[in-house]
Amino acid sequence: MEYTLIRSNIKNIYIQIKDGKVIVKAPRRVSNSYINELISKKQRWIERKLIEEKEKKLEEERPVTKEQAQNLKHIVEDSANRFGKSIGEFPNQITIKNMKYAWGSCTGKRNIAINMKLAHKRQEIIEYVVLHEMCHLKHMNHSSEFWSLVESNMANYKQLRKELKR
Ligand SMILES: [Zn+2]
């Protein structure tokens, strides 16, 4: 299996799958043969991750239908209203648009943007993204206060966040 090896001053070996490539980060003192052996042991896991990444990309590139866009708008507006009441903060504006690098964003001017590609995700995931951006109206960072505000509105947010990142 082909992979890119990056040596640095780290303690453990990390295997990363990115854009169809396998990247291995390893401490300087670990031998090449040890790394090769580890990679062959992990081959199944790596192959599964490569397939998952490809499937995810295909899913996100699928065009959004009118119905899906309508449904997304409904979920976003509904949950923004609900979370707004709970948090005590409302944005100036919520826009749903195609975004390249994020699922959502919140600006200092209190404008929230939600990625149109979320139309392919299930309701809970969409609601998590809305909640995340709404919580930035109160905390413009990812501090522990921010995360506890997220958690108090969505107890299982960690699982949803993981699912979204996968
Ligand atoms: Zn954030």
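Which residue of strand 6 is the bridge partner of Gly104? It is Ile114. That pairing belongs to a predicted model, and the report below starts from the whole chain and then returns to strand 6.

**Overall layout**

The protein has six helices and six strands. Read from the N terminus, the order of elements is β-β-β-α-α-α-β-β-β-α-α-α. There are two domains: domain 1 covers 4–61, and domain 2 covers 66–165. Their centres, taken over C-alpha atoms, lie 31 Å apart.

The C-alpha trace spans about 55 × 35 × 25 Å along its principal axes. The radius of gyration is 20 Å, whereas a compact globule of 166 residues would have one near 15 Å. Of the 166 residues, 20% count as buried. Contacts can also be sorted by sequence separation. Among those between residues at least 6 apart, 47% join residues at least 24 apart.

**The sheet around strand 6**

Strands 4, 6 and 5 form an open sheet in the order 4-6-5, with mixed pairing. Strand 4 and strand 5 are the edge strands, each pairing on one side only. From one strand to the next, the twist averages 15 degrees.

Strand 4 (residues 93–97) runs parallel to strand 6, and five bridges join the two. Strand 5 (residues 104–106) pairs with strand 6 in the antiparallel sense, over three bridges. Individual bridge partners are listed here.

| Residue | Bridge partner in strand 6 |
|---|---|
| Ile96 | Ile114 |
| Gly104 | Ile114 |
| Cys106 | Ile112 |

Ile114 thus appears as the bridge partner of both Ile96 and Gly104. Cys106 has Ile112 as its partner.

Strand 5 and strand 6 form a hairpin with four residues between the strands. In this hairpin, Arg110 takes a positive phi near 65 degrees.

Why is strand 6 largely enclosed by the rest of the structure? Strand 6 spans residues 111–115, and four of its five residues are buried, so the rest of the structure largely encloses the strand. As a general point, side chains in a regular strand alternate between the two faces of the sheet.

**Helices against the sheet**

Helix 3 (residues 66–87) lies across strand 4 and strand 6. Its direction is at about 155 degrees to strand 4. Helix 4 (residues 123–135) also packs on the sheet, where it touches strand 5 and strand 6. The direction of helix 4 makes about 15 degrees with that of strand 5. Strand 6 is therefore touched by helix 4 and crossed by helix 3, while four of its five residues are buried.

**Tyr157 and its contacts**

Tyr157 lies in helix 6 (residues 157–165). Is Tyr157 buried or partly exposed? Tyr157 has 19 C-beta neighbours inside 10 Å, so it counts as partly exposed. The cut-off for a buried residue is 20 or more.

Which residues does Tyr157 touch, leaving out those up to four places away in sequence? They are Tyr128, Val150 and Glu151. Tyr128 stands 29 residues from Tyr157 in sequence, yet the C-alpha to C-alpha distance is 6.7 Å.

Technical notes. Residues numbered from 1 in each chain as written. Predicted model: local features only at pLDDT ≥ 70, side-chain atom pairs only at ≥ 80, totals over all residues. Buried ≥ 20, exposed ≤ 12 C-beta atoms within 10 Å, placed from the backbone. Pairing = 2+ DSSP bridges. Axes fitted to C-alpha atoms, helices over the stretch in contact; angles between N-to-C directions. Contact = placed C-beta atoms within 7 Å. Domains from an automatic or database assignment. Rg over C-alpha atoms; globule rule 2.2 N^0.38 Å.
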